[in-house]
Amino acid sequence: MKAVLTAAAFALCTAPLASAQSIIGTWTCVRTTADNDAVSNVTFADNGRLDALVNIDFLGLDQEVFAQARYRSDYQLDNGMLRDTPVSAYVNKLVIDGQDATRSEHADTLRQGLLDGSDASAKVTFTSDNYMILSTESAPINCVRM
């Protein structure tokens, strides 16, 4: 989830959380800020594992950057709060101003950024069975069930 929140990746209302089972499944999550756009396919498994493929576009130091990362974590959903502890992160692709930077120190920095700050959390609000909003400190993340 931190991928979704960081770069994750990953812009992300009003109905209360029905049950912990409601989050189980695969979601497309979008977060848009002034600095970046992140779109993630996130799967919440019933065993407490989160698996995300995050695509991020952003402008960094006057450079256009595209990144794709795989992120895995353990999650808990308790009283409408989603808590996330990173397990692994891998940068599949990093392109800076059209140049491949997948094996650069920038990719290592991105990967480490996804792993740092364990125990991220977000308030979960289901507006329907197929739509939820993850409210974070930085920006809301809008998710639609796939």
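In this predicted model, S40 of strand β2 has V54 as its bridge partner in strand β3. Strand β2 also pairs with strand β1, and strand β3 takes part in salt bridges to strand β4. The points below cover the strand pairing, the faces of β2, the salt bridges and the nonpolar cores.

**Strand pairing**

- Strands β2 and β3 (residues 49-60) run antiparallel and are joined by nine bridges.
- The hairpin between β2 and β3 has four residues between the strands, and within this hairpin G48 adopts a positive phi near 90°.
- On the other pairing of β2, eight bridges connect it with strand β1 (residues 25-32), again in an antiparallel arrangement.
- In the pairing of β1 with β2, V30 is placed opposite V39.
- A hairpin of three residues leads from β1 to β2.

**The two faces of strand β2**

- In a regular strand, side chains alternate between the two faces of the sheet.
- Strand β2 (residues 36-44) has a covered face made up of N36, A38, S40, V42 and F44.
- The uncovered face of β2 carries D37, V39, N41 and T43.
- S40, the bridge partner of V54, therefore belongs to the covered face, whereas V39, which stands opposite V30, belongs to the uncovered face.

**Salt bridges between strands β3 and β4**

- Side chains of opposite charge can pair when their charged atoms come close.
- The structure holds three salt bridges.
- R49 pairs with D74, with 3.0 Å between the closest N and O atoms.
- This pair links distant parts of the chain, since R49 lies in β3 and D74 in β4 (residues 63-78), 25 residues apart.
- Both partners are partly exposed, R49 with a relative accessible area of 32% and D74 with one of 36%.
- R70 forms a salt bridge with D51, the closest N and O atoms being separated by 3.4 Å.
- R70 is in β4 and D51 in β3, 19 residues apart in the chain.
- R72 also meets D51 in a salt bridge, at 3.4 Å from N to O.
- Because R72 lies in β4 and D51 in β3, this pair ties together parts that are 21 residues apart in sequence.
- D51, R70 and R72 are thus linked in a network of salt bridges.
- The members of this network are partly exposed, with relative accessible areas of 24% for D51, 26% for R70 and 33% for R72.

**Nonpolar cores**

- In soluble globular proteins, nonpolar side chains tend to be buried together.
- The largest nonpolar core has 25 residues, of which I23, W27, F44, L82, M132 and L134 touch the most other members.
- Apart from this core lies another of eight residues, including V91, L94, A101 and A107.
- F44 is on the covered face of β2 and is a member of the largest core.

Notes. Residues are numbered from 1 along each chain as its sequence is written. This is a predicted model: local features need pLDDT of at least 70, side-chain atom pairs count only at pLDDT 80 or more; totals for chains, interfaces and linings use all residues. Side-chain values use heavy atoms; hydrogens and water are left out. Buried means under 20% relative accessible area, exposed over 50%, partly exposed in between (1.4 Å probe, protein chains only). Two strands pair if DSSP finds at least two bridges between them. A nonpolar core is a set of buried Ala, Val, Leu, Ile, Met, Phe, Trp, Tyr and Cys residues joined through side-chain atoms within 4.5 Å. A salt bridge is a side-chain nitrogen of Lys or Arg within 4 Å of a carboxyl oxygen of Asp or Glu.
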